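User: I've got a model open and want to check the reasoning behind some of its labels. Can you take me through them?

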Amino acid sequence: MVLNHLKKQFIPLLLIFTVLFIGACSTRSTDDPEVSLTDDGFKSVELINMTIEWRVTQDTKLEVVATAPTSGWIGIGFSPTGARMSGANIIMGYIDDSGNLQIEDRYGSSSTNHSKDSQDDLTNTSGSETSGSTTIKFTIPLNSGDSNDRPLTEGAAFTIMAAYGDSGEDNYTAQHNSSKRIRQSIGAL
Ligand code: HEM
């Protein structure tokens, strides 16, 4: 009698826990940041107060827009292959004192440094700076053929790196501090 009563209480509880457990397992991994879709078809993610948007165009190109709260440099990196910054396809840009965009196709030459690519694959570059916020826009090939770049595949998971320098750092050399850089895996390009 008592046993039957306990069973009656236990079975519904077990069912509730099972449903909650399955629900928890099927939600997005907390490692994946929220990626939203903009009206003009860009995927968009917020990382370290930086907004990064991208969309594949003509099946072969990646259009990128990045905005960060700095008047200094902004950097985006794709698919590092080694420690920290090593092997990433890095693009860095800033708006200089004359209001012109300076932008370079670079790569992570060591875990803590980067150099200019021998091949410049950037097209459709533009940028602006307003009230301490900088935006850079550029297009790169998904597969540039450059030995310093890693091919990217539409829909495939990838790792993005994002960083920005302090305001006033209009250069390619001043290090970010540790709260202004991130290496993050993203579910799908
Ligand atoms: C401007 C010149 C740069 C210098 C001198 C520099 C230097 C460094 C150093 C010393 C570290 C290790 C210390 C730390 O973790 O903070 C580091 C880490 C890192 N840097 Fe840079 N960096 C530069 C630019 C960039 C750019 C342009 C990006 C992104 C596109 C970037 C992304 C990162 C990331 C994501 C890490 C942490 C990697 C990890 O531990 O997972 N850095 N950098």
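User: What makes one face of strand β10 covered and the other uncovered, and which residues sit on each?

Analyst: This is a predicted model, by the way. In β10 (residues 133-141), the covered face holds T134, I136, F138 and I140, while S133, T135, K137, T139 and P141 make up the uncovered one. The split goes by every other residue because side chains in a regular strand alternate between the two faces of the sheet.

User: How do you know that β4 and β10 are paired?

Analyst: Pairing takes at least two bridges between the strands. Strand β4 (residues 61-68) and β10 are joined by eight, so they count as a pair, and they run antiparallel. Within that pair, A66 stands opposite I136 of β10.

User: What about β9, in which sense does it pair with β10, and over how many bridges?

Analyst: Strand β9 (residues 123-130) pairs with β10 in the antiparallel sense over six bridges. T130 has S133 of β10 as its bridge partner. The hairpin these two strands form has two residues between them, and S131 takes a positive phi near 45°.

User: Which residues touch the most other members of the largest nonpolar core?

Analyst: A66 and I76 do, in a core of 29 residues. The elements giving two or more residues to this core are β3 (50-57), β4, β5, β6, β7 (101-110), β10 and β11.

User: What is A66 in contact with, leaving aside its neighbours within four places in sequence?

Analyst: Contact here means C-beta atoms within 7 Å. By that cut-off, A66 is in contact with M50, I52, I74, I76, T135 and I136.

User: Why are β8 and β12 called edge strands?

Analyst: The sheet is an open one of six strands, in the order β8-β7-β6-β5-β11-β12, with antiparallel pairing. β8 (113-116) and β12 each pair on one side only, and that makes them the edges. From one strand to the next, the twist averages 25°. Inside the sheet, β5 and β11 pair over five bridges, with F78 and I160 of β11 as bridge partners.

User: Which residues come nearest the ligand, and what makes a residue part of its shell?

Analyst: A residue belongs if its C-beta atom lies within 6 Å of the molecule. There are 21 residues around the ligand, and G75, G77, T112, A163 and Q175 come nearest. The elements that give two or more residues to the shell are β5 (74-78), β6 (89-95), β11 (158-164) and β12 (181-186). By type, the shell divides into 10 nonpolar, eight polar and three charged residues.

Note on methods: Residues numbered from 1 in each chain as written. Predicted model: local features only at pLDDT ≥ 70, side-chain atom pairs only at ≥ 80, totals over all residues. Helix = DSSP H or I, 4+ residues; strand = E, 2+ residues; numbered from the N terminus. Nonpolar A, V, L, I, M, F, W, Y, C, P; charged D, E, K, R; others polar. Axes fitted to C-alpha atoms, helices over the stretch in contact; angles between N-to-C directions. Buried ≥ 20, exposed ≤ 12 C-beta atoms within 10 Å, placed from the backbone. Core = buried A, V, L, I, M, F, W, Y, C linked by C-beta atoms within 7 Å. Contact = placed C-beta atoms within 7 Å.
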